[in-house]
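Here is a short set of questions and answers on a structure. Have the sequence and the coordinates open as you read.

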Protein chains: 2
Amino acid sequence: MSKPSTPKGMRDFLPVEMAGRNHIFNTIKSTFQLFGYQPIETPAMELLSTLIGKYGDEGDKLLYKVLNSGDFLSSAIEAKANINDSRTLSKFISEKGLKYDLTVPFARFVVEHYNNLIFPFKRYQIQPVWRADRPQKGRYREFYQCDADVIGSDSLLYEYELLELTASVFRKLGIDIIIKINNRKILSGIAEIIGYSDKFTDITIAIDKLDKTSIESVSEDLLKVGLDHKSIGFIIKILSFQETDNLKKLEFIETNISGSETGLKGISELKEVLKYCAHSGQTIPVETDMTLARGLNYYTGTIIEVKANNVEIGSICGGGRYDDLTGVFGMPGMSGVGISFGADRIYDVMKMLNLFPEQITASSVVMIVNFGDEEILQLMPFANKLRQNGISTEIYPANAKLKKQFSYASDKNIEFVIVAGKDELSSGKYGLKNMRTSEQKSMSPIEIIDFIKTKISE
Amino acid sequence: MSKPSTPKGMRDFLPVEMAGRNHIFNTIKSTFQLFGYQPIETPAMELLSTLIGKYGDEGDKLLYKVLNSGDFLSSAIEAKANINDSRTLSKFISEKGLKYDLTVPFARFVVEHYNNLIFPFKRYQIQPVWRADRPQKGRYREFYQCDADVIGSDSLLYEYELLELTASVFRKLGIDIIIKINNRKILSGIAEIIGYSDKFTDITIAIDKLDKTSIESVSEDLLKVGLDHKSIGFIIKILSFQETDNLKKLEFIETNISGSETGLKGISELKEVLKYCAHSGQTIPVETDMTLARGLNYYTGTIIEVKANNVEIGSICGGGRYDDLTGVFGMPGMSGVGISFGADRIYDVMKMLNLFPEQITASSVVMIVNFGDEEILQLMPFANKLRQNGISTEIYPANAKLKKQFSYASDKNIEFVIVAGKDELSSGKYGLKNMRTSEQKSMSPIEIIDFIKTKISE
């Protein structure tokens, strides 16, 4: 029999990985909560009618479709459909798909539960999503998204709040970051000024590649799309303007796009958000960046993206303002703004920069050595006492050789081992061995609890 | 456009439900950890070769199959398969399925990662599973399982440990329970004594129904299966023996099945587990119950099931010892014991008995009233101070009418509202309104933080 395995592009997580991942998830989750975002969950599956057409043709191809139950072919045969063609057939044999992101299910959720929600509705959602993408380093077919969105308000205070929240998450994780910020209205203003508003999407797609490619290559793309040389020159001038002061940079752009009302609106929104950030009382490492475009078309205002300093990796967090997320489900005019943390990349960054705290482990803190039933029966209430004091504790399951018991504790990275045989039990002083320092002390049960409690709260 | 919705039998969870569910998940998770169980996760999808044949024919029918990507029909056409037949076709067009439980993926995990695990391996896993079952009250097509298992040891201390853990979880949740316990070896001994060892599975299936049906009906089932009247009488005598003292009950059975070595082994195992429980120093509400059989065939020793007292609902937790979970994946002889908590039923029980603590909420603790940008800019650092002290805080997003701001806070069940307009800001004393008691106080920012910290830690 061949060894069983996970499907390609999908992963098991072992305890050591889980400890690191939970550290990230718990940090993100608790920060979401500190800013008043409330948890929701949606099913792994959505109806295909909810998903299809929301992610472009490429996205549709990457949806995992679930086969209908039972005699799934019957309806295709009944309808005399061409069952030799995959595309035709799939419409008959599959009506559900696995979710591709958390945004479209959230839009569906808002429309479905509109009457039970309080607006502005602030929600967070941490769940896996699935994409039938070609697996490669750092790209998986199942991965978690960690999203926070507020819907039903166009207040720029929420842009600021999400920036504050983002800075706070990475501060807690110990990751040094820069938050790039832009406003799609400014990009829209640039397109308007050069007379190519109709090519706005093409322009943003071209600009979006600047990250991975050169100014020359972007110019070529813009030429291919049909822009003239003068317009391209104008775009390049704005994109390549170097200035470290955010406000000075915005002033330069303002003078260049003063003919576009939309563009000026974008400038003023961005200024407002920056003003809030400056008053936060904390450092929010934000940098206006006109080359930031974010491919997704639903963004209409502020857009942000987070890069980790000192490490070569794509963006680890991103988001923005959208004006019409629920319109596609028949509910227009709901403005919202959201942020999404890429847990897998954050994990990689923390691993590369060695940022996981040493005490992050999924192991017990204490193991009690097993000298036989008689001793164990006396020690069981003590094990419970340790647990009641928040100290995770296990009893070695059998009266095995001491060497074997100790190597189990050491392999599992258990910090303390309690040695209490007949003599120790009758004297009331147990041996406590610190497996990291090899130090051994003799202490009463109560002293042991106090000692370990102090140790683990350090 | 029709309103979008979730697929049938699948659910969204709104913040209020999430708060209750997270209370349950967090209690279970932290207790798992206190007993030294380590988290793992496996993908939502497994290869169908891993899943099929593990849950019986009925189970196989309930598996959700995922359509292969791209031109999924090509391999069927190439193989000249009968593409008019659902059963034949599905083998060609689907190679992955959604997981049906956590046990089979765990067995696959142990075999796949054997060399990276430390045995006895104690793991917990809290993830959703999917079954294409007919939806009905309390039965869903997507639901969470919360499992803890230890594999690689046959020590009965683990049976005890899981009983202790189970009692601890329900004690923390405030649910009054009884843990029914039995041992499949005793049932096996009964079958042996009456000379029907070959009908062991049929006998356990019949006994398993006693919960929902009568002694008469079980007798009929046993007759249908081919047992004679005398044997049925013997089974009924044992099953219906009334005795509240666990050990006396076991003695009665012991004398009745003393001819079966396996049966006596079961008795002695059960006695050993009860002895451990009696020495725990805590109350473990355990009751031996010979009518407990647990249908699943892979159990070979101790079996348990938990019922909530004072409420009519099926079992809310169950588990047992299995001797050969990984054998089906080519790794025989790995003994293990596990427990699984039914989060959905536990939620229903807590709801029915009104057991959720009042302070369980997913809302902010504090809302700061918005009197306009000038005030808000001054208050933003204070909002951050509150958050740094673990107090979840939001600023109302716009300078709306006070009434509107207050009703947002009240609708969202936010406990405190901070009122700080120009006067309050210049005096340094802010208004703090308790939305539950309607009490309003005037306090300095530092006093407010101390006051709320004390309140929420109560």
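Q: How many residues of chain A are in contact with chain B?
A: The model is predicted, and the count for the interface uses all residues. Contact here means heavy atoms within 4.5 Å. On chain B, 106 residues take part, and on chain A the number is 106.

Q: What is the area buried between chain A and chain B?
A: Carbon and sulfur atoms give 62% of this area. On the chain A side, A:Pro4, A:Leu34 and A:Glu41 supply 7% of what the chain buries against chain B, more than any other three residues. The total between the two chains is about 8900 Å².

Q: Which kind of axis relates chain A to chain B?
A: Chain A superposes on chain B with an RMSD of 0.1 Å. The operation is a rotation of 180° with 0.0 Å of shift along its axis. That is therefore the relation of a two-fold axis.

Q: In chain A, which residue has the C-alpha nearest the axis?
A: The axis in question belongs to the 180° rotation that superposes chain A on chain B. The nearest C-alpha of chain A lies 2.2 Å from it. The residue is A:Val66.

Q: What percentage of the contact residues of chain A recur in chain B?
A: The two copies are related by a two-fold axis. The same surface serves both copies. The share that recurs is 100%.

Q: Are H15(A) and H13(B) parallel, perpendicular or oblique to each other?
A: Helix H15 of chain A spans residues 373–388, and helix H13 of chain B spans residues 261–278. Their axes come within 9 Å and cross at roughly 40°. Angles under 35 degrees count as roughly parallel, and 65 to 115 as roughly perpendicular. The two helices are therefore oblique.

Q: How do the residues of the contact of H15(A) with H13(B) divide into nonpolar, polar and charged?
A: H15(A) brings A:Asp373, A:Leu377 and A:Met380. H13(B) brings B:Glu272, B:Lys275 and B:Tyr276. The division is three nonpolar, no polar and three charged.

Q: Which are the edge strands of the open sheet of chain B?
A: The sheet has eight strands with mixed pairing, in the order S1-S5-S6-S11-S10-S9-S7-S8. Each edge strand pairs on one side only. They are S1 (38–39) and S8 (286–288).

Q: Which residue of S10(B) stands opposite B:Ile304?
A: Strand S9 (residues 299–308) and strand S10 (residues 317–322) of chain B pair in the antiparallel sense over five bridges. Opposite B:Ile304 stands B:Gly319.

Terms used
Residues are numbered from 1 along each chain as its sequence is written. Chains are lettered from A and ligands numbered from 1 in the order in which they are written. This is a predicted model: local features need pLDDT of at least 70, side-chain atom pairs count only at pLDDT 80 or more; totals for chains, interfaces and linings use all residues. Side-chain values use heavy atoms; hydrogens and water are left out. Axes are lines fitted to C-alpha atoms, for helices over the stretch in contact, and angles run from 0 to 180 degrees between N-to-C directions. Helices (H or I, at least four residues) and strands (E, at least two) are DSSP runs, numbered from the N terminus. Angles under 35 degrees count as roughly parallel, over 145 as roughly antiparallel, 65 to 115 as roughly perpendicular and the rest as oblique. Ala, Val, Leu, Ile, Met, Phe, Trp, Tyr, Cys and Pro count as nonpolar, Asp, Glu, Lys and Arg as charged, and the others, Gly among them, as polar. Two strands pair if DSSP finds at least two bridges between them. Copies are superposed by least squares on the C-alpha atoms of residues with pLDDT of at least 70 in both. Buried area is the accessible area (1.4 Å probe) that two parts lose on being put together, summed over both.
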